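Dear colleague,

I am passing on the structure below, and I would be glad if you could look it over beside the notes that follow it.

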Amino acid sequence: MQEPTFLVLTALTGEPLHGYGILQQVTALSGGTVVLGAGTLYGALDRLTEQGLIAVEREEAVDGRLRRYYRLTDEGAGRLGAEVERLRRNANAAAAGLRRRATGNVTLPGLA
C-alpha cells in the first residue's frame with residue numbers, strides 16, 4: 001500500500017470527513033511530509049470507493065457546491081489493519097537489525 005493511501009485510510013478511522021478535511025488530516029498525520037493536491041486526492045477517493053475501502057457517508061450542499069463526506073468501510077479497516085501489521089513486522093525487523101549492528105553481530109537470522 002502506498003503511503004498516501006495509507007494516510008487517507010488512517011485519516012478516516014475517526015469520523016467521516018470531506019475532501020478538504022482529509023487533506024488536512026493527511027498533512028497532519030505525516031508531519032507535513034505528505035501534502036496531497038486536490039486532483040490526486042479525488043482520484044484516490046474514487047479508486048478507494050470503487051475498491052470498497054471507503055464509502056460516501058453523506059452529501060451536503062455548501063455555498064452551492066456539493067460536499068461529500070467519506071467514511072472507512074469494514075473492508076477498508078481490515079485492509080488498513082493488515083498494512084499496520086505488515087509495517088510493524090518490517091519495523092521490528094529493522095530495529096532488530098540495528099540492535100545487532102550496534103553490538104557487532106550483523107548477520108541476519110536465516111541469511112548466514
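**The annotated region, its strands and a helix pair**

In the UniProt record, which is an unreviewed entry, residues 8–80 carry the annotation "domain: Transcription regulator PadR N-terminal". Please keep in mind that the model is predicted. Across residues 8–80 the composition is 48% helix and 26% strand, and the C-alpha atoms at the two ends of this span lie 10 Å apart.

Turning to the strands, β3 (residues 65–72) pairs with β2 (residues 54–62) in the antiparallel sense, over eight bridges, and within this pairing Glu60 stands opposite Arg67 of β3. The hairpin formed by β2 and β3 has two residues between the strands, and Asp63 in that hairpin takes a positive phi near 50 degrees. Strand β3 also pairs with β1 (residues 17–18), again in the antiparallel sense but over two bridges, where His18 has Tyr69 of β3 as its bridge partner.

As for the helices, α2 (residues 19–29) packs against α3 (residues 38–50) with the axes 11 Å apart and at an angle of about 105 degrees. Because that angle falls within 65 to 115 degrees, α2 counts as roughly perpendicular to α3. The contact brings Gly19, Tyr20, Ile22 and Leu23 of α2 together with Leu41, Tyr42 and Leu45 of α3; by residue class, the contact of α2 with α3 comprises six nonpolar residues, one polar residue and no charged ones.

With best regards

Terms used. Residues numbered from 1 in each chain as written. Predicted model: local features only at pLDDT ≥ 70, side-chain atom pairs only at ≥ 80, totals over all residues. Heavy atoms only, no water. Pairing = 2+ DSSP bridges. Helix = DSSP H or I, 4+ residues; strand = E, 2+ residues; numbered from the N terminus. Axes fitted to C-alpha atoms, helices over the stretch in contact; angles between N-to-C directions. Parallel < 35°, antiparallel > 145°, perpendicular 65-115°, else oblique. Contact = heavy atoms within 4.5 Å. Nonpolar A, V, L, I, M, F, W, Y, C, P; charged D, E, K, R; others polar. UniProt positions renumbered as here; feature names shortened; annotations may be inferred.
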